Amino acid sequence: MTLKQATIAVGSGLNSDQQYGCVVPPINLSSTYNFEDFNQPRAHDYSRRGNPSRDIVQRALADLEGGAGAVMTSSGMSAIHLVCTVFLKPGDLLLAPHDCYGGSYRLFDSLSKRGAYRVKFVDQGDPQALAAALEEKPKLVLIETPSNPLLRVVDIQAICDASHAAGALTVVDNTFLSPALQQPLKLGADLVVHSCTKYLNGHSDVVAGTVISKTAEHATELAWWANNIGVTGAAFDSYLLLRGLRTLTVRVKQQQENALAIVAYLQQQPLVKKLYHPSLPENQGHEIARRQQYGFGAMISFEFDGDEAHLRHFLSELKLFTLAESLGGVESLISHTATMTHAGMAPEARKAAGISDSLLRVSVGLEDSEDLIADLEHAFQAAATR
């Protein structure tokens, strides 16, 4: 992230209050606004359609990703659902990664079965498989890189170029890195989505999402539909999200430093069968990550080398890592993919994506890295001697 972009994140909304001169913008909790006169609405009339607090954070989100506009939604999943609602009709084809987030897989699979649109899950790291899928003329291509949970990296610019040639729009889920480490619109994407619940807010106290558009035309259409189907974010959540954005860069920097230290430790740990992190040369897409990312991120996954009983014991012995879903907060979390984040995927779909029952996903927080490593070491030793 450049200094200019970091300044936008820190300064968005500051000193914008004209009534009292508040440095931090106030929360506008009103659900409704009076009309100046008959048939003369103000800039806001009803908070589902527009809210001053949400306006400020939406401008900040658009600035961070270099977009023309943003819509803040009630969750990351509502952001993805909004994109599909706007740009897909019955019969249209959505191309999604075969190893995408379990919630996204569940949404696409369930709605395709109801006829809302068609979906095809494809290994986007396989050029031949992707080219064959693009020959089917999809309307929308979802890119998730690094992938959740195996941290596979794909070439955003190459996929966007190929998708545009096939007549498709592209949307990148940038939740795992945030604009501090990756800016997909600069790489050719038409839209970017985030679960703002994660790194953008960063404090595990808000559920929100966003869609950021490269063009003003798409931004207007997304805003109209967000109001139409009622998925816009709340005023208090907008305030908290703006607060979180102001520390995004420093949080991500420290989390990434901690993650690299933990990766180095896990490489030497006998009970780690396989390790996934974009910094590793053997990680799928490592060289692509070096080109298109500003850093390797703070998400780590690994295969635990042991049976379920040993895995359960390992997890129960952890004290600093909390067994929980979600990611990107100031605290370190660990999750068991098959029974938590990707439980909505059928076992055969998880197997096809390479997600095993021994896979654990770690979101590295801001605790001292030596303390985190000591916690892991204790749990591994306890599991080994069980």
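How many cavities of 30 Å³ or more does a search of the whole structure find? In this predicted model, the search returns four cavities that reach that volume, and the arrangement of domains and sheets is set out below before the largest of these cavities is taken up again.

The protein chain is divided into domain 1, which covers residues 3–242, and domain 2, which covers residues 247–383. The C-alpha centres of the two domains lie 26 Å apart, and the contact between them takes 40 residues from domain 1 and 45 residues from domain 2.

One sheet of the model is an open sheet of seven strands with mixed pairing, in which the strands follow the order β1-β7-β6-β5-β4-β2-β3. Strands β1 (69–73) and β3 (118–122) stand at the edges of this sheet, and because each has a single partner strand, one side of each is left without a neighbour in the sheet. On average, and with direction ignored, neighbouring strands of this sheet are turned by 20° against each other. Within the sheet, strand β2 (residues 93–97) pairs with strand β4 (residues 140–144) in the parallel sense over two bridges, and Leu95 has Val141 in β4 as its bridge partner. Two helices that lie across strands of this sheet can be described in turn. Helix α3 (residues 76–87) lies across β1, β2, β4, β5 (169–173), β6 (191–195) and β7 (209–213), and runs at about 150° to β6. Helix α7 (residues 216–229), in turn, lies across β1, β5, β6 and β7, with a direction at about 20° to β1.

An open sheet of five strands, also with mixed pairing, has the strand order β8-β9-β12-β11-β10. Here β8 (272–276) and β10 (322–323) occupy the edges, and since each has a single partner strand, one side of each is left without a neighbour in the sheet. Helix α9 (residues 248–266) packs on this sheet, where it touches β8 and β9 (299–304), and the direction of α9 makes about 15° with that of β9. Helix α11 (residues 308–317) lies across β9, β10, β11 and β12, and runs at about 140° to β9. The pairing of strand β11 (residues 333–336) with strand β12 (residues 359–363) is antiparallel and extends over four bridges, with Leu333 standing opposite Ser363 in β12.

The loop between β4 and α6 (156–165) holds Pro146, and the peptide bond that leads from Thr145 to Pro146 is cis, with omega near -5°. Pro149 is likewise placed in the loop between β4 and α6, and the peptide bond from Asn148 to Pro149 is also cis, with omega near 20°. Leu151 lies in the loop between β4 and α6 as well, and its phi is near 55°, a positive value in a residue other than glycine.

The largest cavity holds about 70 Å³ of space. Its lining consists of Pro97, His98, Asp99, Asp123, Gln124, Gly125, Glu144, Ser147, Arg152, Val154 and Gln284, and these residues divide into two nonpolar, five polar and four charged. Among the lining residues, Pro97 falls within the span of β2, and Glu144 falls within the span of β4.

Notes
Residues numbered from 1 in each chain as written. Predicted model: local features only at pLDDT ≥ 70, side-chain atom pairs only at ≥ 80, totals over all residues. Heavy atoms only, no water. 1 Å grid on protein atoms, 1.4 Å probe; cavity = no way out; pocket = protein on both sides within 12 Å on 5 of 7 lines; lining within 4 Å. Points joined across faces, edges and corners; volume = space filled by probe spheres on them. Nonpolar A, V, L, I, M, F, W, Y, C, P; charged D, E, K, R; others polar. Pairing = 2+ DSSP bridges. Contact = heavy atoms within 4.5 Å. Axes fitted to C-alpha atoms, helices over the stretch in contact; angles between N-to-C directions. Domains from an automatic or database assignment.
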